[in-house]
Amino acid sequence: MKIAIVCYPTFGGSGVVATELGLELSKRGHQIHFITYNQPVRLDLLNKNVHFHEVNVPEYPLFHYQPYELALSSKLVDMVKLHGIEVMHVHYAIPHAYAAYMAQKMLLEDDIFVPIVTTLHGTDITLVGNHPFYKPAVTFSINKSNAVTTVSQSLKDDTIRLFNIKNEIDVVTNFIDLHKYENDFTDCQRSVMANDDEKIITHISNLRPVKRIEDVISIFYNIQKEIPSKLMMVGEGPEREKAEQQCFKLGITEKVVFVGNSNEIDRILCFSDLFLLPSKTESFGLSALEAMSSGVPVISSNAGGIPEVNLQGFSGYLSNVGAVEEMSKNAISILKDEATLNQFKLNAKKQASKFGISKIVPQYEAIYKKALQNK
Ligand code: GMT
């Protein structure tokens, strides 16, 4: 099949899922056309089945806001005609599903039907999409898609609760390429980051308020009082400065490393002992799954779809949002001795293996085929 994948090209989970999906589909012989405003960050492997088409939005002084969705719709129309694209798979409703609908209508003028598959990722439903400014357009785009998927059952429930949905929604969970995260917990150059007697705790996100970065620092503060440890803060975002100040006030600056955005997530996770994800909302928690694939247990909140990923007392522990003391105690209980830690590491890997890419990608292929019959 010839498939257009529209996504955000940044470090966010939706862009990562879209990119990994496209790459896997290309390995299975499909022609994949990524259409977005920059080359996606994880798309470092262009091959004969993978193409990237950049959406340019020319600056024009009349426009206070540059019309990205207009440029995207036009690009989709042009690329469909040029490359014979058969399916448009858009990740994140805003503005991608809306732009795809316009493209579909324009193409129909020329008797070309290309179905839209919309994958909802989380904040496009729970935070931004639900805003009254966007809600009618998001509802419309979801209802006009030829197939709609969510990345967890929890997000499906939220979508149905928050919007007037007339379309069917399939749950196709986030996934992981398990081979990418194979390691034996020894060959990771952990000595670069910490002393032998120190545990490495990691948090990876876009450091936005929804991730409750203050809780991450507070949990680590409690952990390091009991267990020699370091905290790796990976990612960039608006909460970073506040978090650095919090570390300074708590006197733990020396023990916390702010890494910024990284393309070496697998290496960082390889030497991590514990992952923290105390988010306020989380449709799935791809970063937790990535951690677990590397054999890193997860201390998380029980928000949204996280309980579908992290198993209580097995791959880690879950607590109510904001329950910092309980999260700290649970973290210490995992780290307190090597036998317990190693058991949790093995469990985390086992739990992650349920989300192998080879189980998930055929589900998308089946959805594309069904959408094509949906004329
Ligand atoms: O978590 C973020 O802020 C990034 C965001 C995104 O839109 O890229 O992630 C969302 O999509 C991921 C991939 O499907 C999910 O694993 C994340 O849980 C989800 N984030 C939220 O729901 C907050």
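## Reading a ligand site and a strained-looking loopGuide: Pro95 lies in the loop between β4 (87-91) and α3 (96-108). This is a predicted model, and that loop is a good place to start.

Visitor: Which peptide bond should I inspect at Pro95, and what is its omega?

Guide: Start with the general idea. Most peptide bonds are trans. Here, Ile94 and Pro95 are joined by a cis peptide bond, with omega about -15°.

Visitor: What is the phi of Tyr92?

Guide: Again, the background comes before the case. Most residues other than glycine have a negative phi. Tyr92 is not a glycine, yet its phi is positive, about 85°. Tyr92 also belongs to the loop between β4 and α3.

Visitor: Now the ligand. Where does the ligand sit?

Guide: In the largest pocket.

Visitor: Which residues come nearest to the ligand?

Guide: A shell residue has a heavy atom within 4 Å of the ligand. There are 19 residues around the ligand, and Ser14, His121, Arg208, Lys211 and Glu282 come nearest.

Visitor: How do I read the shell by class?

Guide: Count nonpolar, polar and charged residues separately. This shell has five nonpolar, eleven polar and three charged residues.

Visitor: Which helix gives the most to the shell?

Guide: Helix α1, residues 13-27, with three residues. Then look at the domains. Domain 1 (2-175 + 356-373) and domain 2 (178-355) each supply at least three residues to the shell.

Visitor: Which backbone atoms make polar contacts with the ligand, and at what distance?

Guide: Look for N or O pairs within 3.5 Å. Three backbone cases are worth checking in the viewer:
- Ser14: a backbone N or O atom is 2.7 Å from a ligand oxygen.
- Gly13: a polar backbone atom is 2.9 Å from an oxygen of the ligand.
- Gly285: a backbone N or O atom is 2.9 Å from a ligand oxygen.

Visitor: How much of the ligand's accessible area does the protein cover?

Guide: Take the area of the ligand on its own as the reference. That is 480 Å², and the protein covers 95% of it.

Notes:
Residues numbered from 1 in each chain as written. Predicted model: local features only at pLDDT ≥ 70, side-chain atom pairs only at ≥ 80, totals over all residues. Heavy atoms only, no water. Polar contact = N/O pair within 3.5 Å; in protein donor to acceptor, adjacent residues only side chain to side chain. Areas by Shrake-Rupley, 256 points an atom, 1.4 Å probe, with all protein chains shown as cover. 1 Å grid on protein atoms, 1.4 Å probe; cavity = no way out; pocket = protein on both sides within 12 Å on 5 of 7 lines; lining within 4 Å. Sits in = over half its atoms within 2 Å of the grid points. Helix = DSSP H or I, 4+ residues; strand = E, 2+ residues; numbered from the N terminus. Nonpolar A, V, L, I, M, F, W, Y, C, P; charged D, E, K, R; others polar. Domains from an automatic or database assignment.
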